[in-house]
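Trainee: Please take one part of this model and go through it closely. I would like the packing and any enclosed space beside it in one connected account.

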Amino acid sequence: MAMERRSSENEERRSFEIDPEIKRYFSISEDGVTLPFFTPPKLLDDLKQFEVRPSDVFVLSYSKAGTTLTQYIATQILHGQVDKKMMELFFFLEMSQDGFITPDTFRPEVGGIYKLAEKAPSPRMMKCHLPMKNLPPQIFTKKPKLIYVARNPKDTAVSFYNFSIIGPSLPTFRSWPEFYEYYHRGLVPYGDWFSHVLPFWDLRDEPNVFFLKYEDILRDMRGTVDKMSKFLEKPITPKQLAEISQNATFDEMRKNKNVNYDLMDNVFDSPPIQPPGMATPKFMRKGKVGDWRNYFTLAQNDRFDELYRTKMADTDLQFYFGDDAH
């Protein structure tokens, strides 16, 4: 039955016609996963040789899952308040050293930020959105600290859609319905949400893995900070716990020029395609659970619920979608 489902899904993907303008933003991996254009085969091959250190800390996630929030909490626990931009503190392994670029400005010869990380002193903090199979293999032998954050797939979709409008390194979809069709099929940068999240859930009991849910962070910030400090083996005082928890709230982070790209100069260019009647989205939009209700139609929601039930049938992983969800 599972093989039949996968065959049907693959057939649907093959029969779906990808807009050439959107396809320019993809690099297709050996196993058919749509990755960002700035992760060509050469980069993936280089990452196979990347030297991981036991002292490394990785923040891993599917895109738009609460990555920046998780990075900020980890940074405060490990280093306190540092007056540096988050992108300067974490090595975004697969991102081009040229930063947020387009397919037209991509220079493969420059290489990814992982090249800078290779020469950096320990302890290193790194960020990566790549699926598990594309991570440096030494992650699983050197046993660094791995913090994986996941978010319910509906709110992830909405956040991803809005970010695609302002992020120059992502394809800009002409409307939410168009994005939904691509996302439903896993035809967005970093591929299918289920294929990304579930393998990390299976590693949740490994001592070097800390699996987080974005919704749980919002529900219990202090508890999350406390658990993360213990996981990172970095004790904090009650005063530090309170300060970190307050600093990591949405309202505080939105005002912080080191974590909110909206307050940084020359990070995002004007969007090439602006959906009619839609204001330019912000990098930090709402920070809430359940905004998907403002986007998913009843038909889209029913269709996605069917996909969700099928994909999650063999796992005990559960997500909070907001009150009175489904």
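Mentor: What follows is a look at one helix pair and the cavity it helps to line. The model is predicted. First, the setting. The protein has 15 helices and 7 strands. Of its 326 residues, 54% count as buried. Take contacts between residues at least 6 apart in sequence: 76% of them join residues at least 24 apart.

Now the pair. Helix α9 covers residues 176–184, and helix α15 covers residues 298–311. Their axes come within 12 Å and cross at roughly 10 degrees. Angles under 35 degrees count as roughly parallel, so α9 is roughly parallel to α15.

Next, the contact. From α9 come Trp176, Pro177, Tyr180, Glu181, Tyr183 and His184. They meet Gln300, Arg303, Phe304 and Leu307 in α15. By class, this contact has 6 nonpolar, 2 polar and 2 charged residues.

Then the cavity. A search of the whole structure finds 1 cavity of 30 Å³ or more. Its volume is about 40 Å³. Tyr183, His184, Phe304 and Leu307 are among the lining residues, and these four also take part in the contact of α9 with α15. The rest of the lining is Tyr62, Gly186, Val188, Gly191, Asp192, Trp193 and Phe194. Three elements give two or more residues to the lining: α9, α10 (193–201) and α15. By class, the lining has 7 nonpolar, 3 polar and 1 charged residues.

Key:
Residues numbered from 1 in each chain as written. Predicted model: local features only at pLDDT ≥ 70, side-chain atom pairs only at ≥ 80, totals over all residues. Heavy atoms only, no water. Axes fitted to C-alpha atoms, helices over the stretch in contact; angles between N-to-C directions. Parallel < 35°, antiparallel > 145°, perpendicular 65-115°, else oblique. Contact = heavy atoms within 4.5 Å. Nonpolar A, V, L, I, M, F, W, Y, C, P; charged D, E, K, R; others polar. 1 Å grid on protein atoms, 1.4 Å probe; cavity = no way out; pocket = protein on both sides within 12 Å on 5 of 7 lines; lining within 4 Å. Points joined across faces, edges and corners; volume = space filled by probe spheres on them. Buried < 20%, exposed > 50% of the residue type's maximum accessible area, 1.4 Å probe, protein only.
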